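Me: I'm just starting out with protein structures and I'd like to zoom in on one part. Could you walk me through a sheet and then show me what else is worth a look?

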Amino acid sequence: MKATAEEQMEQPESSHDEGPTRAKRGKPEVVQDGFPRPVKLSRGDLYKPPTADELNQLKEAESLFHCSLLKMQMEELLKEVSLSERRKQLIDSFVQSVTEQLQTVPQTSEMELSDLSWLSGGVKVPFVLVPKATKGKFHMAPPISVTIMGSYPLGTCTKPGISVDLSVAIPADVLHPKDALNQRYPRKRAIYLAGLAQHLAASPAIGAMRYSCLHGNRLRPILLLSPPGKDSSSFTLRLHACPPPGFFKPSRFHPQRNNIRTDWYTGLGSSQPATSEPPTPHYNSSVLGDMLPRAHLQFLTAVSSQCAAFAEGVALLKVWLRQRELDQGVGCFSGFLGSMLLAYLLSCHRVSNTMTAYQLLRNSLHFLAFNDLTENGITLAKGPDSTAPSLAEFHTAFQVVFVDPSGHLNMCADMTACTYKQVQHEASLSLQFWDDPTVDGFHALLMTPKPMIRTSDHVFQLCELVKLQSCCKKLNLLSELMDHSGNYVLTALPFILSLLQRGLGQRVRLLTHSLTPDPEWPVESDAPKHSAQPPLSFGLLLNPEQAASVLERGPPADSPKAEEFRQLWGSRSELRRFQDGDITEAVVWDGETTCQKRLVPRQLITHLLQLHADIPESCVRYIGGMLDDVINVGHEVCSTGEEESLKVVQSYDDLSRKLWRLEGLPLSITSVQGAHPALRYTQVFPPVPLKLDYSFFDREKLSRSLVPHEVKPCPVYITPVKVICHMEGSGKWPRDRVAIRHIKAAFHISLGELLTQHHQYTCQPSPTHLDVWKDGLVFRIQVAYHREPQVLRESVSPEGLLIVRDNAEAQALEMATMQRPLLTSTLHGLQQLHPCFGAVCRLAKRWLGAQLFSDDITEDTADLLVASLFLQPAPFTPPGSPQVGFLRFLHLLSSFDWRNNPLVVNLNSQLTAADYTEIKNDFIASRESLPVMFMATPNDKKVSIWTKQAPTVQMLQRVVMVAAESLKILEPQLMDTSQIQDVRVVMRPPLDPYDVLIHLSPKQVPLLSQAVDPPHATFSRGILAGRVANTGGALPVIDFNPVTHYLAELRDAFGDLALFFYDPYGGTVIAVLWKPKAFSPLPFKTSQMVARRVEVSGEEAHTVPNVEAILEDFRVMGQGLVKSVEPRTERWVV
């Protein structure tokens, strides 16, 4: 919510006529040459004690806020959302102009209500006239009063989206006391608005005119007016037509009374006694809402006058609601309700009149979190009259109850229980992280938007809303349809929500739904139909323990509840006998893999809606697994890698046990640790057990290992799963680095011999590691000695002194043998707590790879970024699906302030509040020398070892920009049915910025099948279908990817001239970007003539890169792999 330039310009300029300002301590400023100069203050002025007001502010900052920063942030936010004086002057001027215009509305002769021939200029009535026939007379007349109402006179009107309410009182002779019946009053109100629109259309003082509905209620249309000229978008004036004060008796609109007759609504003519007519509570509350705004404003004005911070407290509550998309639409928790809630808390002394805006917001959220208005409603009425309904009567008619000061109107009449439960949930969540010193409470609470697609784990939409008509018919909802004046969407919604709540049960923690936005349409158009609105969206906050269960276990067969269970599930319910001997009703859903089980709620929802609401599956658009295809590894059965990762982990566990039991080694093994992403469930495409086709390969002469065949496609890529095997410390270990390496090589040989002897594994030892072929997988065992990094840091000076100096070699070894295994085991534990952690990591890394960022945001860095989403999810809950986790990953990348803040990943909750403060202070003190992306963990508070080498400032800026664009494209695409449904669009990198593209031969790209858009042509890679042998067989070709070797050679040869980018997951293009300084001429030196040519200017000779030769080198170095080199010469000039 940063101030725009326009808003900054709105601040009033200081008057030049004002006298010279006074110094703070009463000393006049010394002005010389037109400039103020510092004055010398006496000792008494310098050390004057603070005033009582200053002491109060200091005490408040200390007791109420984590720090003075939070207090200043709140104050700045309030300044940001409040209206400037210039804006207020514009509003007052426009309101006065409109009021004058309204007083000149012409009088017309009386005519039938259904006769609209007097309306000219193409102006339409903003009302769906169904049924068409209505009794009554109507004539146009000037309003008896025009009053400004709502938040603007109260001082609680805030930016953005400034709306000012103007109440126009309809003359009493236009209305009839019986107009409350059969929509006569709402229709007269709508026709009166149309008459006002016709009159104002000719005025040059009015800009654009449109119709809308107050909070989406079609019975309460309003006229939106904008000022003309450049101020047209600065605010909106909303005209409300209201009955004159006291025209209708409030008792006429008791929630148990009927004001819509069945015979009139159905047109069947079979009249019933008024006593047997169904009540119309929602219709009644709509009419009542027009009668009470003046009284509400008087009440709120009286309350706010007693509490200095009332307006600011309401402003903060409005911001909180807006960020959660709860303040607009049908049945929303509007700013008006927020004002009334604060008034309630003040009137019943739950908060004090002297509290600050901060305290008012906190207490409001506390009240919302711990008070359920769906069960125990509240009332502002102190002494309601005898005709006012009781709270119990309100509860029978409405799902949420909050009664206004008159005692007659339920202000939450249109709100569903699910919406209030969402408000409760959000308030409870806000309180949880409010006092957490490790969370930036201000940003989480008031600055982070929470759209449904990024908040809910799964989302589904009802697309063809016209189908809800048949739903109302099947559920026999005629009475409710009359009450909602034919709005079948709002009629069916509570019943659909109740049905889904019953069916989903413990699978979800929260069920939410979108609030239908207020429709807007031109005054020349008819009111839109009920189906002409966006799809109805529902959000599921999943319970991870139960959401993916394929079994819905019901009551025992002889239980009275068995019939109810069968009625709910229909033909899917069947009797089953379980292992404990029980015979119960049960429903079993389809799902073999984790990926399929995650979508069990989809099966359940579509079945219930089809069975009970007559809504076909084709109308349900489920947004829960749309991104799964990008990381799908199953060919026959859909899988996103969980089962494949589990097989790798199980095979590793077996190998680990066998290593521990080995006998005959000179030193015992102290630990066996995995150091590969597959062992923490985060490998994008985890290794799968392979059965080799030996005829596809050649043989190495001595070891008889398999080697690639020259004329055949590149063989399948087999990734080695790295395992670190620590040997015990002993005095036998040498202190010389070369000798240590020899000892480790000997251990590799011994381990290979023992594994072959005892378990018949095929092993291939080398000086740096031991490769073990087991269960169709390759494990790369690396022996480690815990003191080796220290030995690498030690050196002896010529004088014989021992010098200990850190170096890159020691750091790399320490990371490979200590830090990475520790990270792997920690993240493995996180996967056990949050089952979708691994899938989110895979999606995130697939996106990074596809956008050519894998070398800048490494695998370990990406895993830590995703881990932070689960460990510090505020203001959200931890992600419950891969989709929502990926969207939050993109949001984190694009919105985090990497320049000014460290990202703290509190693994295993080891960091305390004091540690956070220490990390922040150290970060600020050493910012210039630290990595541009700084990530702190419990074992790495000061260095950020994972991001020390990459990314650079330029690459991080690029990542942030692409992440923001991806999010901007993906979120609307997921929610908007009108857009082309292709989520892979965010995985396709823009290649325009690059200077050269090296196109590779698909035949020699071993991971081609993992590409975002894999080609239709496939190549044999030397593998067979069938069961994989556990042991034996020739050693396969391990870790052989020609593209990786080619890239390494390119960077080694031309790394000083260009940057090389590649998608490691099946990419067929290497993108080349020349470095900015690559083409600067250098003085001629014979030792620096590699890939350069000489240019002579005058008597001086310089060298510049020989681009043609470099491009030829690209082809020659990649012979057999490179298909073509595409230079984009317009991008660079030699």
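What is the order of the strands in the open sheet of 6 strands, and which kind of pairing does it have?

Reply: Quick housekeeping first. This is a predicted model, with local features needing pLDDT of at least 70 and side-chain atom pairs 80 or more, while totals for chains, interfaces and linings use all residues. Residues are numbered from 1 along each chain as its sequence is written, and side-chain values use heavy atoms, leaving out hydrogens and water.

Now, your sheet. Reading across it, the order is E5-E6-E9-E8-E7-E14, and the pairing is mixed. (Strands are DSSP runs of at least two residues, helices of at least four; two strands pair if there are at least two bridges between them.) E5 (145–149) and E14 sit at the edges with a single partner strand each, so one side of each has no neighbour in the sheet. Going from one strand to the next, the twist averages 30°.

Let's follow E7, residues 209–213. On one side, 5 bridges join E7 to E8 (residues 221–225), and these two strands run antiparallel. Looking for a way in? Start at Met209, whose bridge partner in E8 is Leu225. Then find Arg210, which stands opposite Leu224 in E8. E7 also pairs with E14 (residues 520–522), again in the antiparallel sense, this time over 3 bridges. There, Ser212 stands opposite Glu520. Of the 5 residues in E7, 4 are buried (under 20% relative accessible area), so E7 is largely enclosed by the rest of the structure.

The sheet has a helix lying across it too. Helix H5 (residues 85–102) lies across E5, E6 (163–169), E8 and E9 (236–242). H5 runs at about 20° to E6, where angles go from 0 to 180 degrees between N-to-C directions.

Next, hop over to H12, a helix covering residues 335–347. On the way there, the loop between helix H11 (310–323) and H12 holds Glu325. Glu325 isn't a glycine, yet its phi is positive, at about 55°. That's an eye-catcher, because most residues other than glycine have a negative phi. Glu325 is partly exposed (from 20% to 50%), with a relative accessibility of 45%.

H12 packs against H13 (residues 357–370) at about 95°, with the two axes 10 Å apart. The two helices are therefore roughly perpendicular, the word for 65 to 115 degrees. On the H12 side, Leu341, Leu342, Tyr344 and Leu345 do the meeting. Their opposite numbers in H13 are Leu360, Asn363, Ser364, Phe367 and Leu368, with contact taken as heavy atoms within 4.5 Å.

Farther along the chain, have a look at Asp775, in the loop between E26 (770–774) and E27 (777–784). Its side chain makes a 2.6 Å polar contact with the side chain of Lys774. Setting aside neighbours within four places in sequence, Asp775 is in contact with Ser651, Pro689, Val1028, Ala1029 and Asn1030.

Finally, two prolines. Ala874 and Pro875 are joined by a cis peptide bond, with omega about 5°, and Pro875 is in the loop between H29 (859–871) and H30 (882–895). The bond from Ala950 to Pro951 is cis as well, with omega near 5°. You'll find Pro951 in the loop between E31 (935–936) and H32 (953–975).

Note on methods. Parallel < 35°, antiparallel > 145°, perpendicular 65-115°, else oblique. Polar contact = N/O pair within 3.5 Å; in protein donor to acceptor, adjacent residues only side chain to side chain. Buried < 20%, exposed > 50% of the residue type's maximum accessible area, 1.4 Å probe, protein only.
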